[in-house]
Amino acid sequence: MKPANRLENRRDRRLAENQTGKRKVVVIIREHGGDSLPAVFKSEASALGFIRAHVKPGTVVNADEASSWMRWAPGLN
C-alpha cells in the first residue's frame, strides 16, 4: 500500500536546503536540418557562455520555460 501524501511530510525540492547537488543541466544546440551539439552543466547560468559561443546573435532560439533563458533572450516566448 502506498503511504499517504500529506502536506506536512512534503519537501519543496526547489529550495537550496532540499537540493542534493546531483542535478545537471543538459543543453543541446541543434541546427535545423543539421548537426547537434550536446553539453552538460551544473546550472543553467553556467550554460550561457557555451550557448553564446556557439549561437550567432539574431538566431531564433527555442527553449523551455526556465527563467535563466529568458534573461539571456528577453524576446523569447
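Along E1, which side chains point to one face and are buried, and which point to the other and are not? This report answers that for a predicted model.

## Two faces of one strand

The side chains of E1 alternate. Val25, Val27 and Ile29 point to one face and are buried. Val26, Ile28 and Arg30 point to the other face and are not buried. The strand itself covers residues 25–30.

## The overall layout

The chain contains 2 helices and 2 strands. Along the sequence, their pattern is β-β-α-α. The chain has 77 residues, and 19% of them count as buried.

About 7,100 Å² of the chain is exposed. Carbon and sulfur atoms supply 51% of that area. Take the contacts in the chain with a separation of 6 or more: residues 24 or more positions apart account for 13% of them.

## The hairpin

E1 and E2 run antiparallel and are joined by 6 bridges. Together they form a hairpin, with 5 residues between the two strands. Gly33 sits in the turn. Its phi is positive, at about 75 degrees.

Two pairings help to place the strands. Ile28 has Pro38 in E2 as its bridge partner. Ile29 stands opposite Leu37, also in E2.

## The buried side

Nonpolar side chains tend to be buried together in soluble globular proteins. Here, the largest nonpolar core has 10 residues. Val25, Val27 and Ile29 belong to it. So do Ala39, Phe41, Ala47, Leu48, Phe50, Ile51 and Val55. E1, strand E2 (36–41) and helix H1 (44–54) each supply at least two residues of this core. H1 gives the largest share, with 4 residues.

Ile29 shows how these parts meet. Leaving out residues up to four places away in sequence, Ile29 touches Asp35, Ser36, Leu37, Phe50, Ile51, His54 and Val55. Among these contacts, Phe50, Ile51 and Val55 are also members of the core.

## The other side

The surface carries a nonpolar patch formed by Val26, Ile28 and Val40. Together, these three residues have about 300 Å² of accessible area. Val26 and Ile28 come from the E1 face whose side chains are not buried.

Why does Val26 count as exposed? Its relative accessibility is 57%, and exposed means over 50%. Val26 therefore passes the cut-off. In E1, its neighbours Val25 and Val27 point to the opposite face and are buried.

Note on methods. Residues are numbered from 1 along each chain as its sequence is written. This is a predicted model: local features need pLDDT of at least 70, side-chain atom pairs count only at pLDDT 80 or more; totals for chains, interfaces and linings use all residues. Side-chain values use heavy atoms; hydrogens and water are left out. Patches are made of residues with over 30% relative accessible area and no salt bridge: like charges are joined within 9 Å, nonpolar side chains (Val, Leu, Ile, Met, Phe, Trp, Tyr) within 5 Å. Accessible areas come from the Shrake-Rupley method with a 1.4 Å probe; for residues, only the protein chains shown count as cover. A salt bridge is a side-chain nitrogen of Lys or Arg within 4 Å of a carboxyl oxygen of Asp or Glu. Buried means under 20% relative accessible area, exposed over 50%, partly exposed in between (1.4 Å probe, protein chains only). A nonpolar core is a set of buried Ala, Val, Leu, Ile, Met, Phe, Trp, Tyr and Cys residues joined through side-chain atoms within 4.5 Å. Contact means heavy atoms within 4.5 Å. Two strands pair if DSSP finds at least two bridges between them.
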